Amino acid sequence: SRMFLTADCLFCKIIKGDIPSLKLIETEFSYSFLDINPLSKGHALIIPKYHGEKLTEIPDEYLNDTLPIAKKIAVAQGVKEYNILQNNGALAHQVVGHVHFHVIPKPSAEEGLG
Ligand code: 5GP
Ligand code: ZN
């Protein structure tokens, strides 16, 4: 598959399988997995198989394969309400310097926090 990865990035290592993750969906252009410190049950991350820190660095062919996967994950989680987040830069609360989309379920009171 077509990948542009770097040696010293946590999420590039996850794509390569050098660091274990709970994989959800993998395609030619993207990889998704469960967040290690979930804000709610099912909190997932979707990353392009292209190393870039910010959205503006990612070629469209990679980016175009991320939001459709967010849709699939949102459906699979079975929750109707959720946030899609993508942070760019430290001031915007980005911690890991490889573009990632968060899918954060917001379960109802009956469903509980998970
Ligand atoms: P940011 O603040 O950069 O948008 O979010 C980074 C996210 O990556 C956080 O929600 C954090 O819990 C998650 N994360 C950090 N390190 C790891 C890891 O090694 N494995 C997984 N699965 N998630 C991670
Ligand atoms: Zn990377």
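E1 and E2 make a hairpin, with 3 residues between the two strands. That hairpin belongs to an open sheet of 5 strands in the order E1-E2-E3-E5-E4, paired in antiparallel fashion. Bear in mind that this is a predicted model. Beyond the sheet, there's a helix lying across the strands, a ligand with 13 residues around it, and a histidine that UniProt lists under "active site" in an unreviewed entry.

**The sheet, strand by strand**

- Start with the hairpin: strand E1 (residues 23–26) is joined to E2 by 2 bridges, and the two run antiparallel. Glu-26 has Tyr-31 in E2 as its bridge partner.
- On to the next pair: E2 and strand E3 (residues 44–48) are antiparallel too, with 5 bridges between them. Here Ser-32 sits opposite Ile-46 of E3.
- Ile-46 turns up again in the E3–E5 pairing, where it stands opposite Phe-101 in E5. E3 and E5 pair over 3 bridges, again in the antiparallel sense.
- Last comes E4 with E5: 4 bridges join them, and they run antiparallel. Asn-83 pairs with Ile-104 of E5 as its bridge partner.

**Edges, twist and cover**

- The strand order E1-E2-E3-E5-E4 makes an open sheet. E1 and E4 are at its edges with a single partner strand each, so each has one side left without a neighbour in the sheet. From one strand to the next, the twist averages 15°.
- Helix H3 (residues 67–77) lies across E1, E2, E3, E4 and E5. H3 runs at about 20° to E5.
- How much of E2 is buried? For strand E2 (residues 30–34) the count is 4 of 5 residues, so E2 is largely enclosed by the rest of the structure.
- E5 is mostly covered as well, with 4 of its 5 residues buried.
- A general point for anyone tracing side chains here: in a regular strand they alternate between the two faces of the sheet.

**The loop between E4 and E5: two histidines**

- Where does His-100 sit? His-100 is in the loop between strand E4 (82–85) and strand E5 (101–105).
- The "active site" label on His-100 comes from an unreviewed UniProt entry, and such annotations may be inferred rather than shown by experiment.
- Is His-100 buried or exposed? His-100 has 22 other C-beta atoms within 10 Å, and the cut-off for buried is 20 or more, so His-100 counts as buried.
- Leaving out residues up to four places away in sequence, His-100 touches Phe-11, Leu-45, Ile-46, Ile-47 and Gln-86. One of those contacts, Ile-46, is the residue that faces Phe-101 across the E3–E5 pairing.
- His-93 is also found in the loop between E4 and E5. His-93 is exposed, because 9 other C-beta atoms lie within 10 Å and the limit for exposed is 12 or fewer.
- The backbone at His-93 is worth a look: its phi is near 75°, a positive value in a residue other than glycine.

**Around ligand 1**

- Which residues are closest to ligand 1? They are Ile-36, Asn-37, Asn-87, Val-95 and Val-96, out of 13 that surround the ligand.
- Sorted by class, the shell around ligand 1 has 7 nonpolar, 5 polar and 1 charged residues.

Notes. Residues are numbered from 1 along each chain as its sequence is written. Chains are lettered from A and ligands numbered from 1 in the order in which they are written. This is a predicted model: local features need pLDDT of at least 70, side-chain atom pairs count only at pLDDT 80 or more; totals for chains, interfaces and linings use all residues. A residue is near a molecule or strand if its C-beta atom, placed from the backbone, lies within 6 Å of it. Ala, Val, Leu, Ile, Met, Phe, Trp, Tyr, Cys and Pro count as nonpolar, Asp, Glu, Lys and Arg as charged, and the others, Gly among them, as polar. Two residues are in contact if their C-beta atoms, placed from the backbone, lie within 7 Å. Two strands pair if DSSP finds at least two bridges between them. Axes are lines fitted to C-alpha atoms, for helices over the stretch in contact, and angles run from 0 to 180 degrees between N-to-C directions.
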